[in-house]
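Welcome, and thanks for taking a look at this protein with us. Please keep the sequence and the 3D view open while you read.

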Amino acid sequence: MSAALDSLLDLLDLERIEQDIFRGTSRSAVVPRVFGGQVAAQALVAAGRTVPDDRGAHSLHAYFLRPGDPGAPIVYTVDRIRDGRSFTTRRVVAVQHGKPVFHLSASFQVHEEGMDHQAGMPAAPDPETLPTAAEMLPRYADRFSDPRMVDRLLEARAAVDLRYVDAPPFATAGEPREPRSQVWFRTHGKLADDPLLHVCLATYVSDMTLLDSVLLAHGRGGWATGDVVGASLDHAMWFHRPFRADEWLLYDQQSPSASGGRGLGQARIYTADGKLAVTVIQEGLVRVPRD
């Protein structure tokens with residue numbers, strides 16, 4: 001296991017301060033606020049720790065309410081909404097400086113057999129043939145106004161091996177493209193056999209690139225280049241089938257719409273053998289900076 005992954009797992013290992021109250025810390029992100037994937041993953045950890053072990057997460061719906069302060073702890077309060085025979089529902093509110101910054105509802109289900117079908121996996125190259133972040137990012141150092149940006153991006157993604165199938169938005173800024181993006185990802189090291197941990201790691205990664213497809217449609221380079229400003233507004237995930245976040249997963253993303261200063265991203269996550277594991281939808285604030 002890499003030191004960066006070990007650090008990320010420590011970040012997700014929340015401190016329990018009361019039966020249903022947990023405390024987490026943050027680490028620096030590319031933007032000067034708490035990374036949305038971090039707070040979503042931590043909130044899911046908090047919810048999962050109040051649920052029986054025989055129930056796996058099958059969906060989450062979340063709203064980002066305020067920018068998180070990376071220098072302050074985050075307190076997660078879990079509300080036990082319902083414990084049914086098959087389903088368990090939890091609501092989590094993340095608070096900083098006395099104000100809610102994030103709200104999550106999550107549902108968990110006892111495993112059962114049922115009807116089974118799925119959308120087919122799209123074509124994608126073997127991830128081992130694609131450049132790593134350390135190989136790819138330095139090629140585009142001149143696209144960033146901040147000379148430290150390559151190092152900051154590498155640090156932010158050090159726990160995850162994330163490989164772009166096509167050029168990322170910052171590589172083709174100024175050239176509108178089809179609003180679709182694919183990345184392969186897996187953690188930099190093996191994880192324990194804990195289904196909740198794998199779901200939480202996928203939740204963490206899901207916020208890294210989902211709005212890229214919005215940027216591609218308009219030829220924008222993204223937050224790191226400074227030609228857009230924005231933030232995640234809401235986030236929803238459905239976990240369809242078991243998967244491991246330490247094995248290759250294909251994140252196939254597209255944007256059906258952008259309007260009113262908001263962009264919508266929708267995506268599917270597939271295992272390397274073609275199983276549809278997760279569906280993700282996110283709306284984000286995407287604005288062109290005023291002169």
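## The largest pocket and other local features

The largest pocket has a volume of about 1200 Å³. Its lining is made up of 33 residues, and those closest to the pocket centre are H111, F239, H240, R241 and P242. Two or more lining residues come from each of β3 (55-64), β6 (99-110), α5 (195-209) and β9 (229-239). Sorted by class, the lining holds 14 nonpolar, nine polar and ten charged residues. Please bear in mind throughout that this is a predicted model.

One of the elements that contribute to this lining is α5, and this helix deserves a visit of its own. Because 13 of its 15 residues are buried, α5 is largely enclosed by the rest of the structure. Look also at the start of α5, where a side-chain oxygen of D194 comes to within 3.1 Å of the backbone nitrogen of L196.

### Aromatic pairs

How many aromatic pairs does a search of the whole structure find? The search finds six. One of them joins Y140 and F170: the ring centres are 5.9 Å apart and the planes meet at 65 degrees, so the pair is edge-to-face, given that planes over 60 degrees apart fall in that group. Y140 sits in the loop between α3 (133-136) and α4 (149-156), while F170 sits in the loop between β7 (160-164) and β8 (180-187), so this pair ties together parts that are 30 residues apart in sequence. Both partners are on the inside: Y140 counts as buried at 16% relative accessibility, and F170 is buried with a relative accessible area of 7%.

Now turn to W184 and W248. Their ring centres lie 6.5 Å apart with the planes at 80 degrees, so this pair, too, is edge-to-face. W184 belongs to strand β8 and W248 to the loop between β9 and β10 (249-259), so to speak two distant parts of the chain, 64 residues apart, that the pair links. W184 is buried, with a relative accessible area of 4%, and W248 is buried as well, at 10%.

Ring pairs also link Y140, F144 and F170 into a cluster.

### Two buried polar residues

T172 is found in the loop between β7 and β8, the loop that also holds F170. Is T172 buried or exposed? With a relative accessibility of 15%, under the 20% cut-off, T172 counts as buried. Beyond its neighbours up to four places away in sequence, T172 touches R143, A167, R177 and L216.

Q182 has its place in strand β8, the strand that also carries W184. Q182 is buried, with a relative accessible area of 8%. A polar atom of the Q182 side chain lies 3.4 Å from the backbone oxygen of A123. Once neighbours within four places in sequence are left aside, the contacts of Q182 include P122, A123 and A124, along with R163, Y164, V165 and D166, and further L250, Y251, D252 and Q253.

### Residues with more access to the surface

E283 lies in strand β12 (residues 276-287) and is partly exposed, with a relative accessible area of 21%. Which residue does the side chain of E283 join through a polar contact of 3.0 Å? The partner is R262, again through its side chain. R262 also appears among the residues that E283 touches, a list that includes S232, L233, D234, G263 and L264, with residues up to four places away in sequence not counted. From E283 to S255 the C-alpha distance is 9.7 Å, with their positions 28 residues apart in sequence.

R49 is found in the loop between α2 (36-48) and β3. R49 is partly exposed, at a relative accessible area of 33%, and it touches L12, D13, L14, R16 and F22, not counting residues up to four places away in sequence. R49 and P176 are 127 residues apart in sequence and 44 Å apart in space, C-alpha to C-alpha.

H97 lies in the loop between β5 (87-96) and β6. H97 has a phi near 50 degrees, a positive value in a residue other than glycine.

The table puts the accessibility of three residues side by side.

| Residue | Relative accessible area | Class |
|---|---|---|
| E283 | 21% | partly exposed |
| R49 | 33% | partly exposed |
| H97 | 59% | exposed |

Notes:
Residues numbered from 1 in each chain as written. Predicted model: local features only at pLDDT ≥ 70, side-chain atom pairs only at ≥ 80, totals over all residues. Heavy atoms only, no water. 1 Å grid on protein atoms, 1.4 Å probe; cavity = no way out; pocket = protein on both sides within 12 Å on 5 of 7 lines; lining within 4 Å. Points joined across faces, edges and corners; volume = space filled by probe spheres on them. Helix = DSSP H or I, 4+ residues; strand = E, 2+ residues; numbered from the N terminus. Nonpolar A, V, L, I, M, F, W, Y, C, P; charged D, E, K, R; others polar. Phe/Tyr/Trp six-rings, centres within 6.5 Å; stacked < 30°, edge-to-face > 60°. Buried < 20%, exposed > 50% of the residue type's maximum accessible area, 1.4 Å probe, protein only. Contact = heavy atoms within 4.5 Å. Polar contact = N/O pair within 3.5 Å; in protein donor to acceptor, adjacent residues only side chain to side chain.
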